[in-house]
Every structure is written in C-alpha cells, then in structure tokens.
Amino acid sequence: MDVIEIDGLSSRLNVIKSFSDMSDPEDIDALVSQLRPRLRNVIGTTIGKGGEGKTTLTANMAYVLAAAERERASQGKPSKPILYIELDSNGNGRLNLGIRGGEFDDEGLGFFEALTEDKALKIIQGARPCLDMVVSGRHNGDIPSSLTKLSDKHGIASYLLLAVLLAQISHQYRWILLDFSPGDKMIQRLGLAACTHLVAPMKGSDNAVIEGLGTLATLVRQIRRLNHEVAIASLVFLGYRRVNDEPTRQLTNLRKKLGILLDRAHIRPEVVVDAFVRDGATTANLSRNYGMPAGEFALAATGRLIDSDSGEPVDRPRDENGRLADPQRALDLARDYVDVTAQVIQLIRQRNHELQGDDAA
Ligand SMILES: Nc1ncnc2c1ncn2[C@@H]1O[C@H](COP(=O)(O)OP(=O)(O)OP(=O)(O)O)[C@@H](O)[C@H]1O
Ligand SMILES: [Mg+2]
C-alpha cells in the first residue's frame, strides 16, 4: 500500500472558471458531451437518506470487483484496478477498509485540495490488491462552502468539477465507485454530475425505502441539465432476512409494492436485482470494526486469511465478548456481496452498451 500523487492533470478550475453564472447553456452542453463518454465507468451509490448501507455496499462492491480484476490478472488477461471514492465527511469508508487512523489517513485533505485547489490528486494505491482509494474525512466537510463560492461566480458549471477531474483519470480504472449521501446539496450535485450509473441500497421499513427512492428519482431529474445519462441502474435490498435460502414475505411484498411504483415512474423493473444482502448487522459491524470487507472477513473467520508480512494465518476475529465470529454467517454475507455485485454490474454493462449505441447513432 502506498500513496501516489497523480499530477500533470489539466486545471479543473480553469475549465469551470471559463463559465459565468450567465453562460450560454449551449456552452455547458458542449462540455457535458465531451465529459460523458469518459464517465461511463463511474458508479454512484446514493439514496434518499443516511444510514442506508451506502458505504457498506460500495466498499464491498469495490472489494468484489477488485478480486475479479486480480483473478483476470492471474489468468494473464488485461486488468485495471478499481477506485473507491467516498464524498461524505464521516469518512466511514476508511473504517470498512481499515484505513482510519493509519499513516495514509489524511482525513480527506488531499481530496479537498485536489478538487478545490487543483492540487495533485492523492490516491491510496493498493488498499487491497487491484483496489485504490481516495480517503475522505472531516476535510470533505469544507467542500460545500468552496463549491458555493465557485458557483456564485461561475454558475451551475461548478457542479461539474468532480466530473472534470474524474474524466481525466477514468481510463486508468475498470470502475470508479463513488459513495455519497444526498444530505448536502453541493456534495449531491458533485456526485450526481460525475456518475453515469446509480446503485441505491434499500434498507429498513417499506416507507423508508419508498421515500428514499422518491427522493432519488427527483434528484436524477434535477441534475438532467448537467448529466442526461445518469439513471438508477440498480436497487439493492440490504439487511433483509433469508430463511432456508429464500427471502421472507417481508421482502417479496416490498418488491411487489416497489414494482408498481417503478412502473408508474417509468423505471424498468429489472433494476431490482434478485440477489440481496441478508440481515447481518452483527457480522457487518464486526467486519467494519476489523476494517475488513465481507469477503476478507469470511477468510479471517474461517482461518484462511494470510498475513502478507509473516505468511501466517491472521488470528480469527472475535466479538467484544471474546467469542469467535460465526464463520458461516461471514461466508453467507460474503457470498451475498458477490452475487449482488455480479447482477449490478451486468445491468450496468447493459446500460453502457445502450449508451454506446446512442453514441454511434
Ligand atoms: N447486512 C446488514 N444487515 C443489517 N445491517 C447492516 C448490514 N450491513 C450493514 N448494516 C448496518 O447498516 C448501518 C449503516 O451502514 P453504512 O454506514 O454503510 O450506511 P451509509 O448509508 O453509508 O450511512 P451514512 O449516510 O451515515 O454515510 C451500519 O450500522 C451497519 O452496521
Ligand atoms: Mg456512508
């Protein structure tokens, strides 16, 4: 693991500062159409409100996708790393990947300066094999006021700042995963303008799920001007019971309800993937405490995680009462993330295929 600085990127601020708050909409359209084809591997995870599992889902998807790239590389096939970026200032992604408080944790300062001051972008390379990460933390909390100042002078083009940055590095990555909460309008606009596909975790009561989806659909409509391609690519249920390897009636009923709503909103029903992440708050919390995504935690819980320095198996994780983590639960949760990720990526690839068809037309 190391921090690399990507410099030599062209000035993002100069691009934004070439616009005024009265700029001709056609000029903005021209910038957007240049950016769009370069951002088709950018996936945003977001949903109407906080605590819905955005960070857990994104960090786990990043881990699963990175493992697939590692597998490709081991077969001699071309591979590219995955980049995980959290925009929220709580910086919980650092917990999920065990970065918090370590030597590479700059609490989001590097990202803040790269975004708002054109400095070189700092990336943790090899947070896991084939998985790079941009660290977030309290400094991300300063992004909204900088962006507000920029937009006072340069209008809505300012919300394209992250899109302009990512468009310059996206070719280096198989997928870029952005994790952001819609709680702050500026962060929300930055994220929505930069990604092409949205993945929304659905967790909690029926009402919470339906309300969250409604909010997200509104946000997608509102960003249209700056991003006509972004759409909800996938809805993922997280934290629902599975009995005898089947979802319970709670989930099947919720799926039906959601189907009716999607139909009314002209959203394809296929966005709701069959795979879902089962209820496992204890295992999820323990794996976050250990700084391990579910797949890695399952290896640790079954005594198969090898310390890269010593070559010895890592001690099996224990809960706060000293009991060993349940290996079966860990394996089940890890499998859910593998299944969910495969289905989500399939939908995204299909969308990209359609979007590329539009390019050719
Ligand atoms: N499989 C699961 N079953 C039940 N609860 C889970 C599961 N996975 C994660 N959780 C719990 O969901 C909670 C929220 O997770 P997470 O931090 O990923 O959400 P978030 O949407 O990123 O939140 P925020 O808006 O605060 O950034 C955590 O407390 C976590 O333990
Ligand atoms: Mg989060």
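Me: Which of the 19 residues around ligand 1 come nearest?
Reply: It's a predicted model: local features need pLDDT of at least 70, side-chain atom pairs count only at pLDDT 80 or more, and totals for chains, interfaces and linings use all residues. Residues are numbered from 1 along each chain as its sequence is written, while chains are lettered from A and ligands numbered from 1 in the order written. Take the residues near ligand 1 (C-beta, placed from the backbone, within 6 Å), and the nearest are G50, T55, T56, G239 and A284.

Me: Which helices and strands each supply at least two residues of that shell?
Reply: Helices (H or I, at least four residues) and strands (E, at least two) are DSSP runs numbered from the N terminus. Those giving at least two shell residues each are α3 (54-74), β8 (231-240) and α11 (281-289).

Me: Which strands stand at the edges of the open sheet?
Reply: Its nine strands run β1-β4-β5-β3-β6-β2-β7-β8-β11, with mixed pairing (a pair needs at least two DSSP bridges). Two strands have a single partner each, so one side of each lacks a neighbour in the sheet: β1 (2-6) and β11 (277-278).

Me: Which residues have the most contacts inside the largest nonpolar core?
Reply: A core joins buried Ala, Val, Leu, Ile, Met, Phe, Trp, Tyr and Cys through C-beta atoms within 7 Å; buried means 20 or more other C-beta atoms within 10 Å. This one has 101 residues, and α3 gives the largest share, nine. V236 is in contact (C-beta atoms within 7 Å) with L57 and V340, among others. The residues with the most contacts inside the core are I82, L160 and V236.

Key. A residue is buried if 20 or more other C-beta atoms lie within 10 Å of its own, exposed if 12 or fewer, and partly exposed in between; C-beta atoms are placed from the backbone. Two residues are in contact if their C-beta atoms, placed from the backbone, lie within 7 Å. Lists of a residue's contacts leave out its neighbours within four places in sequence.
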